[in-house]
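Here are some notes for a colleague who is opening this structure for the first time. Please read them with the model in view.

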Amino acid sequence: MFDIGKPSPATAALRPSEYTAALIHVLRREPERVRDRQVLEMGCGSGVVLAALASLGASSLSGIDIEGEAILTGRTLLRQLGHDAELLHGDMWKPVAGRRFDLIVANLPHFPMAHVELAGRLPSWSSGGADGREFLDPFLEGLRDHFTGEARAVLTHNAFVDIERSRAIARRHGLHLAILASVMVHIPGDKLALMTPSVLQTEEGRTIHRYGPHVFADLHIVEIAPAGTRH
Ligand SMILES: C[S@@+](CC[C@H](N)C(=O)[O-])C[C@H]1O[C@@H](n2cnc3c(N)ncnc32)[C@H](O)[C@@H]1O
């Protein structure tokens, strides 16, 4: 029986977000992307995306996170749900050097802001540095080396974090980026106040939409696969 009592502080800090929900929604839409695949999640947080991947029939589950609390919390969740998973503590690709996966998913920190604690989250949760690309770029640069022949990656991508640059990096590695879905996410005032001003200035009215005090932003769920693969 799963205990749904009061969450521990670590579990609360790692609670899923609208980004998590959008990613799981897209993965659930086409379970054949997941069934019988060896999957890796980069930045696995609470472990809930891995739990969703398990329920969709992944043949093996691996997750990486820089935060020790995420590894412990994810291990507990997956064990309680009866799933076998390998959770690795470390920075980006280092824990899986030389290894390849059929499906790699990620909801990386890529909000353009300095590394600060916000809304009870750890500083490593959202911040992607001034341009938002501190983790996105090394993730994209390393992706191809961790792909099996017919692999794919599915990730969240803020529309205000230069999707054309991501497309160009993918292309340089013989990969193609396609947008699978787009949704709007709410950006709370305290988070918006931390956004790098030049990004806000450029993107407001384009990918960031303000209605009085309420602000939303476009979020894409993208797939990256070897060029020529059907998305
Ligand atoms: C936006 S959260 C997403 C968590 C979870 N995947 C979800 O969707 O709810 C980003 C996660 O990436 C982790 N992270 C940040 N920097 C990392 C790095 N350099 N290597 C691996 N994980 C990292 C954070 O600790 C955090 O758990």
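1. Ala119 sits in the loop between strand S4 and helix H5 (136-143), and its phi, in this predicted model, is near 50 degrees, a positive value in a residue other than glycine. Ala119 has 12 C-beta neighbours inside 10 Å, and because a residue with 12 or fewer such neighbours is taken as exposed, Ala119 counts as exposed.

2. A second residue that deserves a look is Asp36, which is found in the loop between H2 and S1 and has a positive phi of about 65 degrees although it is not a glycine. Asp36 is exposed as well, with 10 other C-beta atoms within 10 Å. A positive phi also occurs at Gly57, just after H3, where the value is about 100 degrees.

3. How many of the residues of H3 are buried? Seven of its eight residues are, and the helix is accordingly described as mostly covered; the buried ones are Val48, Val49, Leu50, Ala51, Ala52, Leu53 and Ala54. These buried residues pack against a set of elements made up of the helices H2 and H4 together with the strands S1 (38-42), S2 and S4 (101-106).

4. The packing of H3 with H4 can be described further, since the axes of H3 and helix H4 (residues 68-80) come within 9 Å and cross at roughly 30 degrees. Angles under 35 degrees count as roughly parallel, and H3 and H4 are therefore roughly parallel to each other. H3 passes H4 in a right-handed crossing, and the contact is made by Val48, Leu50 and Ala51 on the side of H3 and by Gly74, Leu77 and Leu78 on the side of H4. By class, the residues of this contact divide into five nonpolar and one polar, with no charged residue.

5. The last point concerns the ligand, which is surrounded by 24 residues, the closest being Thr20, Gly43, Gly45, Ile66 and Asn107. Which elements each supply at least two residues of this shell? Helix H2 (18-29), helix H3 (48-55) and strand S2 (60-65) each do so, and H3 thus appears both in the shell around the ligand and in the contact with H4. As for the classes, the shell around the ligand has 13 nonpolar residues, eight polar residues and three charged residues.

Methods: Residues are numbered from 1 along each chain as its sequence is written. This is a predicted model: local features need pLDDT of at least 70, side-chain atom pairs count only at pLDDT 80 or more; totals for chains, interfaces and linings use all residues. A residue is near a molecule or strand if its C-beta atom, placed from the backbone, lies within 6 Å of it. Helices (H or I, at least four residues) and strands (E, at least two) are DSSP runs, numbered from the N terminus. Ala, Val, Leu, Ile, Met, Phe, Trp, Tyr, Cys and Pro count as nonpolar, Asp, Glu, Lys and Arg as charged, and the others, Gly among them, as polar. Axes are lines fitted to C-alpha atoms, for helices over the stretch in contact, and angles run from 0 to 180 degrees between N-to-C directions. Angles under 35 degrees count as roughly parallel, over 145 as roughly antiparallel, 65 to 115 as roughly perpendicular and the rest as oblique. A crossing is left-handed if the near helix is turned anticlockwise from the far one by less than a right angle, and right-handed if clockwise. Two residues are in contact if their C-beta atoms, placed from the backbone, lie within 7 Å. A residue is buried if 20 or more other C-beta atoms lie within 10 Å of its own, exposed if 12 or fewer, and partly exposed in between; C-beta atoms are placed from the backbone.
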